[in-house]
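Please find below a colleague's note on the interior of this structure, set out as numbered points. The points take up enclosed space, aromatic packing and the nonpolar interior.

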Amino acid sequence: MPTTILSSMESAVKNWWISLLLGILYIIVGIWVFQTPLVSYVSLSFIFSAFIFVSGISQIVFAISNRKKIHSWGWYLAGGMVDLVVGMLLILNPLMTMAILPFYVGFWLLFQSMMAIGFSFQFRTANVPSWGWLLFLGIMTLLFSFLLLSNPVFAGLSIVYMTAMAMITAGVFRIVLAFELKILHKRITGI
């Protein structure tokens, strides 16, 4: 019998709040970027670098703390390592980062959207009713990543607004995911 999200994430769902915190952080960063477009591009490289770095650390901690309980904990670890490496690259090269920020953001969002789409299909398998919304949010994040990667010159001009929208979309996904994990936690534990 194939492993479902219910059997493979028994312990992981108890840490649903990590996804909630990441979602809130994503939305806060997205709103800040919208409100300060001129200042944002200059400071976006540093803010984004630190944000990705912290996101990577939190995903690695989540993966390692649940490695004995989650069959696919390696994917969480890989996602965290990608975020950590990208965050370090961005922090170490601030001038270069400003020039190629659309590519960094685009590839990071591409990876995040693929992970989101994968989660939605796992939720579908587990008969979670809102899996379609998770899929929709993952696809929206994927579209933003394609927009950034397909036209870097345009993306350089509009990176502030596209990044803000993508961060808010990714944040909403993380918050919805957190509450779905919380519901699964209740279903598994009966608490």
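1. In this predicted model, the lining of the largest cavity receives at least two residues from each of helix 2 (16-35), helix 3 (37-65), helix 5 (94-125) and helix 7 (152-189). Among these contributions, helix 2 provides the largest share of that lining, namely 4 residues.

2. The volume of the largest cavity comes to about 150 Å³, and 15 residues line this cavity, with I18, S19, F62, Y76 and R174 lying nearest its centre. Sorted by class, the lining of the largest cavity consists of 10 nonpolar, 4 polar and 1 charged residues. The count of cavities of 30 Å³ or more is 2 for the model, and the next point therefore turns to the second largest cavity, which holds about 70 Å³ of space.

3. The residues that line the second largest cavity are Y26, Q112, S113, M115, A116, L137, G138, T141, A170, F173 and R174. Two or more residues of this lining come from each of helix 5, helix 6 (131-150) and helix 7, and helix 5 gives the most, with 4 residues. By class, the lining of the second largest cavity divides into 6 nonpolar, 4 polar and 1 charged residues. R174, which is one of the residues nearest the centre of the largest cavity, also appears in the lining of the second largest cavity.

4. Which geometry does the ring pair of Y26 and F51 adopt? The model has 9 aromatic pairs in total. In the pair formed by Y26 and F51, the ring centres lie 4.8 Å apart and the planes meet at 65 degrees, and because planes over 60 degrees apart count as edge-to-face, the pair is assigned to that class. Since Y26 belongs to helix 2 and F51 to helix 3, this pair ties together parts that are 25 residues apart in sequence. Y26 and F51 are both buried.

5. Y26 has a further aromatic partner in W108, with ring centres 5.9 Å apart and planes at 70 degrees, so this pair too is edge-to-face. Y26 lies in helix 2 whereas W108 lies in helix 5, so the contact between their rings ties together parts that are 82 residues apart in sequence. Both Y26 and W108 are buried, and the three residues Y26, F51 and W108 form one aromatic cluster. Y26 is, in addition, one of the residues that line the second largest cavity.

6. As to the nonpolar interior, the largest nonpolar core comprises 48 residues, and within this core F48 and W108 have the most contacts. Helix 2, helix 3, helix 4 (73-92), helix 5, helix 6 and helix 7 each give two or more residues to this core, and helix 7 gives the most, with 13 residues. W108 thus deserves a second look, because W108 is a member of the aromatic cluster with Y26 and F51 and is also among the residues with the most contacts inside the largest nonpolar core.

7. Which residues does F48 touch, if residues up to four places away in sequence are not counted? F48 touches L90, L101, V105, W108 and M167. Apart from the largest core there is a second, separate core of 5 residues, which includes L110, I117, L135 and L149. As general background, nonpolar side chains tend to be buried together in soluble globular proteins.

How values were computed
Residues numbered from 1 in each chain as written. Predicted model: local features only at pLDDT ≥ 70, side-chain atom pairs only at ≥ 80, totals over all residues. Heavy atoms only, no water. 1 Å grid on protein atoms, 1.4 Å probe; cavity = no way out; pocket = protein on both sides within 12 Å on 5 of 7 lines; lining within 4 Å. Points joined across faces, edges and corners; volume = space filled by probe spheres on them. Nonpolar A, V, L, I, M, F, W, Y, C, P; charged D, E, K, R; others polar. Phe/Tyr/Trp six-rings, centres within 6.5 Å; stacked < 30°, edge-to-face > 60°. Buried < 20%, exposed > 50% of the residue type's maximum accessible area, 1.4 Å probe, protein only. Core = buried A, V, L, I, M, F, W, Y, C linked by side-chain atoms within 4.5 Å. Contact = heavy atoms within 4.5 Å.
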